[in-house]
Amino acid sequence: MPRWIGRLATAAALITFVSVPSYAQQPDVGDEPGLIADDGYVLPPEWRKQMVYYRSTEAPGTIIVQTSERYLYLVQGNNRALRYGIGVGREGFQWQGLLKISRKAEWPDWTPPPEMIQRQPYLPRFMAGGPGNPMGARAMYLGSTVYRIHGTNRPDTIGTAISSGCFRLVNADVMDLYDRVPVGTKVVVRQKPEL
């Protein structure tokens, strides 16, 4: 047999081996500790922050998260809202409710809760705040829950259902929202839009 056929067979075997998916514990692509956000990433137009027509009986300054739409609205009054594209909880990690922002932090530290560590044992037990932290540039903590509205080091996940229940925005948007809302802001989380 000619050598090139042997080499071709070896290369084909290697490609097959590499391309076979592993069904073992897969990393959550939404949580990549140490990854530095790509500041050059441009959000698709539908996920960019913009002023939109939005009817609501909620007071101006209220945050409304529409999980099914992948949008966070900051009510402005006069049937207007600032709309931000967000990443939301993946299937089994979506929720709804009424909370308030209980705390805010710039470049927050990250301590994954025990339940997350159990599901994703490769995660660090603690990570100091900074550009490689999955919490991103800002965090707004929701009541006494483990959930937050925060930035991300994975801007490409905006518009997806990938998190463990938190709501993520690109860092520029979370910094903008952070500067607009105080501690005590009402946050309404909805699964489906109101009719």
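How many helices and strands are there in the protein? The predicted model holds 3 helices and 11 strands. From the N terminus on, the elements follow the order α-β-β-β-β-β-β-α-β-β-β-β-α-β. The protein has 195 residues, of which 45% count as buried. Its exposed area is about 10800 Å². Carbon and sulfur atoms supply 57% of that area. Contacts were also sorted by sequence separation. Among those between residues at least 6 apart, 67% join residues at least 24 apart.

Three strands, β2, β3 and β4, were examined next. Strand β2 spans residues 63-66 and runs antiparallel to β3, with 4 bridges joining the two. Within this pairing, Q66 stands opposite Y71 of β3. The two strands form a hairpin, and 4 residues lie between them. R70 sits in that turn and has a positive phi of about 70°. On β3, a second pairing involves strand β4, residues 80-85. The sense is again antiparallel, here over 6 bridges. L72 has Y84 in β4 as its bridge partner. β3 and β4 also form a hairpin, with 2 residues between the strands. N78 in this turn has a positive phi of about 50°. β3 therefore takes part in pairings with β2 and with β4, and 6 of its 7 residues (71-77) are buried, so the strand is largely enclosed by the rest of the structure.

E46 contacts one end of this region. The residue is placed in the loop between α1 (3-19) and β1 (50-53). Leaving aside neighbours within four places in sequence, E46 is in contact with Y71 and R83. Y71 is the residue that Q66 faces across the β2 and β3 pairing. E46 is partly exposed, because its relative accessible area is 40%, between the 20% limit for buried and the 50% limit for exposed. G159 is 113 residues away from E46 along the chain, yet their C-alpha atoms are separated by 8.8 Å.

The annotated positions were considered last. An unreviewed UniProt entry lists H150 and C166 under "active site". These positions are spread over 17 residues of sequence but cluster in space, with a largest C-alpha distance of 7.5 Å. H150 is found in strand β8, residues 148-150. C166 lies in the loop between β9 (161-163) and β10 (167-168).

Are these two residues buried or exposed? H150 has a relative accessibility of 4% and so counts as buried. C166 is buried as well, with a relative accessible area of 9%. Both values fall under the 20% cut-off.

Contacts beyond four places in sequence were listed for each residue. For H150, they include P134, M135, R138 and A139. H150 also contacts C166, F167, R168, L169 and V174. The contacts of C166 include G87, V88 and G89. C166 further contacts V146, Y147, R148 and H150. The two listed residues are thus in contact with each other.

Terms used: Residues numbered from 1 in each chain as written. Predicted model: local features only at pLDDT ≥ 70, side-chain atom pairs only at ≥ 80, totals over all residues. Heavy atoms only, no water. Buried < 20%, exposed > 50% of the residue type's maximum accessible area, 1.4 Å probe, protein only. Contact = heavy atoms within 4.5 Å. Pairing = 2+ DSSP bridges. Areas by Shrake-Rupley, 256 points an atom, 1.4 Å probe, with all protein chains shown as cover. UniProt positions renumbered as here; feature names shortened; annotations may be inferred.
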